[in-house]
Amino acid sequence: MVLAVVVAGANSLLAGRSTPAPSGQADGAAHEQGLVDGEPAQQQDGQPQTDGEAPPSATDAENGRLDPATLVPIDGGQGTYLLVADAAAAFEDLRASARAAGVEFEINSAYRTYNEQVALAERLGTLDEGGTAAKPGESEHGWGISVDLTLDFEELSWMRANAGDFGFTETVAAEPWHWTYIG
Ligand SMILES: [Zn+2]
C-alpha cells in the first residue's frame, strides 16, 4: 500500500508539471504534444536571445500594450490570433509554402497582451519560479512577432529547413514550437 501511495503521488507530481492549457492557446499546450522531455527550460518562453530590444516595428510601443491598429488577425486553425503586420504577412507566406509541401500546422498562441501574460505566468509560473512562462513585459509574444505552433517532428523539420526563408527563427532553444519573426 505504501508503494501504491508513492506511485500515485509521483503521478500527481508529473501531472502537475504539464498543466493543461484549457484552450491550447498557451505554451502549456505545446508541452502536451510531447515535444519537450520535461527537463527544465533553459530559457524562458519568449525571452529574446538578444538583449531584449524591442523590434523596430514596436519602437514606440510597450510589450503587451501594442496599438490594436498595428495588429493583424490570422487564422490559427482553432482560433484567430494577432501578429504585427510584417510578421503576419510573412507567416501567411510561410504557411502557404508549408501547405504546398503538404505540411499543415496550427497556431497555439501569438500576440499576448500584458494581462494575458500575467495570467499565463500565474498559471505556468515564471522561469524564476521554476515554471515556463516569461515574466510579463518580457515575452516576445508581447511584441506580436512570435507564434507557438503545433508541430510534430516532420513539421518541425520542415520549419527548421524553411522558416528562415520567411524571416522566422527559433529564439528559445528549449521551445521548438516557438517561432519568432526577425525579418
Ligand atoms: Zn511562445
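This is a short walk through a predicted model of one protein, from its overall layout to its cores and a few single residues.

I'll start with confidence. The mean pLDDT of the protein is 79, and 68% of its residues reach 70 or more. The weak part is residues 1-43, where pLDDT stays under 50. For that stretch the model has 48 contacts beyond four places in sequence.

Now the layout. The protein has five helices and six strands. Read along the sequence, they follow the pattern α-α-β-β-α-β-α-β-α-β-β. Of the 183 residues, 38% are buried. As for contacts with a separation of 6 or more, 69% of them are accounted for by residues 24 or more positions apart.

Next, the hairpin. Strand E1, residues 71-75, and strand E2, residues 80-84, pair in the antiparallel sense over five bridges. One of the paired positions is Asp75, whose bridge partner in E2 is Thr80. Four residues lie between the two strands, and in this hairpin Gly77 takes a positive phi near 100°.

Then the sheet. Four strands form an open sheet in the order E3-E4-E6-E5, and the pairing is antiparallel. Which strands stand at the edges? They are E3, residues 107-109, and E5, residues 168-170; each has a single partner strand, so one side of each is left without a neighbour in the sheet. On average, neighbouring strands of this sheet are turned by 40° against each other, direction ignored.

At the E3 end, two bridges join E3 to strand E4, residues 146-149, and the two run antiparallel. Ser109 has Asp148 as its bridge partner in E4. Helix H3, residues 85-100, packs on the sheet and touches E4, E5 and strand E6, residues 178-181. The direction of H3 makes about 120° with that of E6.

While we are on E3, look at Asn108, which sits in that strand. Is Asn108 buried or exposed? With 27 other C-beta atoms within 10 Å, Asn108 counts as buried. Asn108 also gives a link back to the hairpin: Asn108 and Thr80 are 28 residues apart in sequence, and their C-alpha atoms are 9.7 Å apart in space. Thr80 is the residue we just met as the bridge partner of Asp75.

On to the nonpolar cores. The largest has 27 residues, and those with the most contacts inside it are Leu83, Ala87, Phe91 and Ala110. E2, H3, E4 and E6 each supply at least two residues of this core. The largest share, five residues, comes from H3. For Leu83, leaving aside neighbours within four places in sequence, the contacts include Leu71, Val72 and Ile74. Further along the chain, the contacts of Leu83 include Ala88, Phe91, Ala110, Tyr111, Gly144 and Ile145. As general background, nonpolar side chains in soluble globular proteins tend to be buried together.

Staying with H3, take Leu94, which has its place in that helix. Leu94 is buried, with 22 other C-beta atoms within 10 Å. Beyond four places in sequence, Leu94 is in contact with Ala163, Phe166 and Phe168. The C-alpha atoms of Leu94 and Asn162 are separated by 8.2 Å, although the two residues are 68 residues apart along the chain.

The last region is around H4, residues 114-124. Which residues of H4 are buried? They are Gln117, Leu120, Ala121 and Leu124. Seen down the axis of H4, these buried residues fall within an arc of 100°, so they line one face of the helix. On the other side, Asn115 and Glu122 are exposed. Just after H4, Gly125 takes a positive phi of about 80°.

Two of those buried H4 residues come up again. Leu120 and Ala121 are among the five residues of a second, separate core, which also includes Ala133 and Ala134. Ala134 lies in the loop between H4 and E4. Ala134 is buried, with 27 other C-beta atoms within 10 Å. Between Ala134 and Val118 there are 9.2 Å from C-alpha to C-alpha, at 16 residues apart in sequence.

To close, two points to keep in mind. The sheet is open, with E3 and E5 at its edges. And residues 1-43 should be read with their pLDDT under 50 in view.

Terms used:
Residues are numbered from 1 along each chain as its sequence is written. pLDDT is the predictor's confidence in each residue, from 0 to 100. Two residues are in contact if their C-beta atoms, placed from the backbone, lie within 7 Å. Two strands pair if DSSP finds at least two bridges between them. Axes are lines fitted to C-alpha atoms, for helices over the stretch in contact, and angles run from 0 to 180 degrees between N-to-C directions. A residue is buried if 20 or more other C-beta atoms lie within 10 Å of its own, exposed if 12 or fewer, and partly exposed in between; C-beta atoms are placed from the backbone. The arc is that of the directions from the helix axis to the C-beta atoms. A nonpolar core is a set of buried Ala, Val, Leu, Ile, Met, Phe, Trp, Tyr and Cys residues joined through C-beta atoms within 7 Å.
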